[in-house]
Amino acid sequence: MRIFSPFLILVLGFWFSPQVASANELRCLATTGMIGDLVQAVIGQRGTVEVLMSSGVDPHLYQPTRSDLAKVLASDVIFYNGLHLEGRMDEAFTRARQSGRSVCAVAEQLPKQLLLHEGDDPDAHDPHVWMDPQRWRRVLLAIRDRCVLLDPDGQEIYESNTNAYIKQMDDLDAYALEVLRSVPEDARVLVTAHDAFGYFGKRFGFEVVGLQGISTESEASVQDVNRLVDLLVQREIPAIFVESTVPEKGIRALIEGAKSRGHTVQVGGSLFSDAMGDAGSWSGTYLGMIDHNVTTVARALGGSAPTNGWRSTQNVSSSESAP
Ligand SMILES: [Zn+2]
């Protein structure tokens, strides 16, 4: 395990510092916490960030309120994921553009070849890009570029903040590769409530299967449940995962279905798919969310990870990993 660098302290310092924007500071709005966290990392104290969707909120189903629209129109720049993640917010983004706000769909800034397809439609892409820190790093760069464009005087700060955060992302990515490699090869199957882990699977060599599709808008059918129960039984998959933004009933149906056929499946833990954990907690940060997911998946599927995950590696070496 790599020794953790001290940048975390620096970056966390930005998060927990009270911020008051002066007239010429950037007022940023982000739809999801995963985006807001990156914006915060880039701007540091040179502006403010507000996040529309809190922990436990499903962006696929999120309906903006009147006060959200007011926040959109009161911002200098709106960062949203795009690729139809925020499927019910198109009107709000259109109004923001019409009123002269800077609007940036961050995941749509990635080269097309880095995006995964949704089904057979070549124009439909999987929006869950944050699940791969290497791809999400490009989103950080897109946010940095937009901030520099809007506030050229802050260029040096934005670049330096971005570089510090990239080191964190790279370190976490290296941790994830190492820890997830400890899962036996035939156990590298990640079964979750909806198809949010495609990029995770691509990056870390896991087969991923979601009960619901890429979006949570359509419910799982009986056929979907039966198909996954067959998979659990045939492959003897020991653990499946609930998600903080998706009701558990689908996952419970899978466990019951497998049980009725004599195969015991555990809930391997709750993963953060489309929202981070509670504000102020470690999993309420982008890095903490990925750390939690990686560590939880590795342990539930027979791998090994340090007791407190990646965060603990800042002070301990791999020899102290938990069994
Ligand atoms: Zn999703």
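**Contacts, a zinc site and nonpolar cores**

Reader: Among contacts in the protein between residues at least 6 apart in sequence, what share joins residues at least 24 apart?

Author: Among these contacts (heavy atoms within 4.5 Å), those that link residues at least 24 apart in sequence make up 69%. The model is predicted, and here local features need pLDDT of at least 70 and side-chain atom pairs count only at pLDDT 80 or more, while totals for chains, interfaces and linings use all residues. Residues are numbered from 1 along each chain as its sequence is written, and side-chain values use heavy atoms, with hydrogens and water left out. The share asked for is therefore, under this definition of contact, 69%.

Reader: How many helices and strands are there in the protein?

Author: Helices (H or I, at least four residues) and strands (E, at least two) are DSSP runs, numbered from the N terminus. Counted in this way, the protein holds 11 helices and 10 strands.

Reader: Which residues coordinate the zinc ion?

Author: Donors are N, O and S atoms within 2.8 Å of the metal (3.2 Å for Na, K and Ca), and a site may look incomplete because water is not among the atoms. Along the chain, the donors of the zinc ion follow the spacing H-x67-H-x65-H-x79-D. At 2.0 to 2.1 Å, the zinc ion is coordinated through NE2 of three histidines and OD of one aspartate, namely His60, His128, His194 and Asp274.

Reader: What geometry does the site of the zinc ion have?

Author: Four donors count as tetrahedral if all angles lie between 85 and 135 degrees. The angles among the four donor atoms of the zinc ion are 93 to 129 degrees, and the site is tetrahedral.

Reader: Is histidine 194 buried or exposed?

Author: Histidine 194 lies in strand 7 (residues 189–194), and its side chain makes a polar contact (a pair of N or O atoms within 3.5 Å, one able to donate a hydrogen and the other to accept it) with the side chain of aspartate 274, at 3.0 Å. Buried means under 20% relative accessible area, exposed over 50% and partly exposed in between, with a 1.4 Å probe and protein chains only. Because its relative accessibility is 0%, histidine 194 counts as buried.

Reader: Which helix gives the most residues to the largest nonpolar core?

Author: A nonpolar core is a set of buried Ala, Val, Leu, Ile, Met, Phe, Trp, Tyr and Cys residues joined through side-chain atoms within 4.5 Å. The largest one has 63 residues, and those with the most contacts inside it include Phe79, Trp136 and Phe206. Among the elements that give two or more residues to this core are helix 5 (133–150), helix 6 (155–181) and helix 10. With nine residues, the element that contributes the most is helix 6.

Reader: Where is phenylalanine 206 found, and is it buried or exposed?

Author: Phenylalanine 206 touches residues including Leu180, Val183, Phe200 and Val297. Phenylalanine 206 and valine 183 are 23 residues apart in sequence and 9.8 Å apart in space, C-alpha to C-alpha. Phenylalanine 206 is found in the loop between helix 7 and strand 8 (207–212), and because its relative accessibility is 7%, it counts as buried.

Reader: What is the phi of histidine 84, approximately?

Author: Histidine 84 is found in the loop between strand 3 and helix 4 (90–98), and because its relative accessibility is 68%, it counts as exposed. Although histidine 84 is not a glycine, its phi is positive, at about 65 degrees.

Key:
Four donors count as tetrahedral if all angles lie between 85 and 135 degrees; four count as square planar and six as octahedral if opposite donors are over 155 degrees apart and all others between 65 and 115; anything else is irregular. Lists of a residue's contacts leave out its neighbours within four places in sequence.
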